[in-house]
Amino acid sequence: MTSLERYQNTVQNKPVDFLPRLPILMRYAAEYIGSNYGACASDYRVLVEANIRCNTDFGIDQMNTMSDPYRETQGFGANIEYVRDGVPRCAHPPLENSKDLDALPRPDPMIAERMRDRIEAVRSYKSKFANNYTIMGWVEGPAAEAADLRGVGTYLIDLIDDPPFAEALMARCVDTAIDFARPQIASGADTIGIGDAIASQVSPKLYERLIQPQEKRLVTALKTLGATVRLHICGNITHLLPGIADLGVDIVDIDHLVDMKTARKVLGDKVVLTGNIDPVSGVINGTPRAIRETILKTYKNVGNPYMVNAGCEIPSGTPIEHLKALCEPVPYEA
């Protein structure tokens, strides 16, 4: 089977030769080709080369466009600083001292520099691999982008002190995410990932009242555009699982703080689960044998549909043998 066929069959809960491998590589991938994180985040050509090399050498089944959370933020007018060996930074969020939504431009993904760069990454993958690989585009979720525009602490206060404003801001973020996803899909992305990490820090009540409806509107729009939808919320999302179960996503990344059996029970047997070995204690500080045993145990516990992944990004400095162990093919079991 091709990587694309393996991936699509798993999404549809059909048999495959072995489980798809979807580890998240960002800084690791850049350093693997002798480059650096700043170059990877600022130039799609570096990002594409890094992911192609890693996919080829380790047997990863998806071409990835993830780099950092500030693509849309730059389109909204923020100045983004690139750091050689770290995540890009936004020193001054566009709305850090204002609630004037009219002051925000509506980013044009084909003009905004960093948004266009991701679209070019998708195009590059598509031109090189046609229909052999799944290609994942990426957008920020409503909570994550709102936090980028206001600052994390200020946004969390907004949720409590000014829910109508928080809702309006997240709605603007969803509109931009849809605008951003559309050309990624048109350029060849079969999957759109949604990163909404800050959502793990709120209560179930706040999540289900304010954030989940905005996520659901985004998911519904992406599905209408024909994309497979993958949700990534770092951290412990056990308390959010009932709301996530109602989103209609195809794939959910599960971090190491969440019990996988609980995730399967709440999310059901039609959603693909990925994860959830601890990237630090389990991967970079583990052993190849222990990594392999953890993956096999996790698959036994959750059953199909399942894709191999760590709980979050593979850390810089992970030994090559450890990533190879994570990506070693796991036979499908009906």
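Glycine 226, placed just after helix 10, adopts a positive phi of about 100° in this predicted model. Helix 10 itself spans residues 204–224, and its course is not straight: a bend of about 45° occurs at isoleucine 211. A proline follows this bend within four residues, namely proline 213. Isoleucine 211, where the helix bends, is also one of the buried residues of helix 10. Others in that buried set are Leu206, Tyr207, Leu210 and Gln212, which precede proline 213 or flank the bend in the list, together with Gln214, Glu215, Leu218, Val219, Ala221 and Leu222.

Moving to the segment that leads into this helix, serine 200 is found in the loop between strand 3 (191–195) and helix 10 (204–224). Is serine 200 buried or exposed? With a relative accessible area of 9%, serine 200 is buried. Once its neighbours within four places in sequence are set aside, the contacts of serine 200 are with Ile233, Cys234, Gly235, Asn236, Ile237, His239 and Leu240.

The aromatic side chains offer a further point of interest. The structure contains five aromatic pairs. One of them joins tyrosine 28 and tyrosine 32 in a stacked arrangement, with 6.3 Å from centre to centre and 15° between the planes. The pair counts as stacked because its planes are under 30 degrees apart. Both tyrosines belong to helix 2 (residues 27–32), and since they are four residues apart, about one helical turn separates them. Their surroundings can be told apart by accessibility: tyrosine 28 is buried, at a relative accessible area of 6%, whereas tyrosine 32 is partly exposed, at 22%.

Tyrosine 28 also pairs with phenylalanine 58, this time edge-to-face, with 6.4 Å centre to centre and 65° between the planes. Which parts of the chain does this pair tie together? Tyrosine 28 lies in helix 2 and phenylalanine 58 in helix 4 (residues 44–58), so the pair links parts that are 30 residues apart in sequence. Phenylalanine 58 is buried, with a relative accessible area of 6%. Taken together, Tyr28, Tyr32 and Phe58 make up one aromatic cluster.

An aromatic ring also takes part in an arrangement with a charged residue. Arginine 6 lies over the face of phenylalanine 18, at 3.9 Å from the ring centre.

Note on methods. Residues are numbered from 1 along each chain as its sequence is written. This is a predicted model: local features need pLDDT of at least 70, side-chain atom pairs count only at pLDDT 80 or more; totals for chains, interfaces and linings use all residues. Side-chain values use heavy atoms; hydrogens and water are left out. Rings of Phe, Tyr and Trp (its six-membered ring) pair if their centres lie within 6.5 Å; planes under 30 degrees apart count as stacked, over 60 as edge-to-face and the rest as tilted. Helices (H or I, at least four residues) and strands (E, at least two) are DSSP runs, numbered from the N terminus. Buried means under 20% relative accessible area, exposed over 50%, partly exposed in between (1.4 Å probe, protein chains only). A charge sits over a ring if NZ of Lys or CZ of Arg is within 6 Å of the ring centre and within 35 degrees of the ring normal. Contact means heavy atoms within 4.5 Å. The bend at a residue is the angle between axes fitted to the seven residues ending there and the seven starting there.
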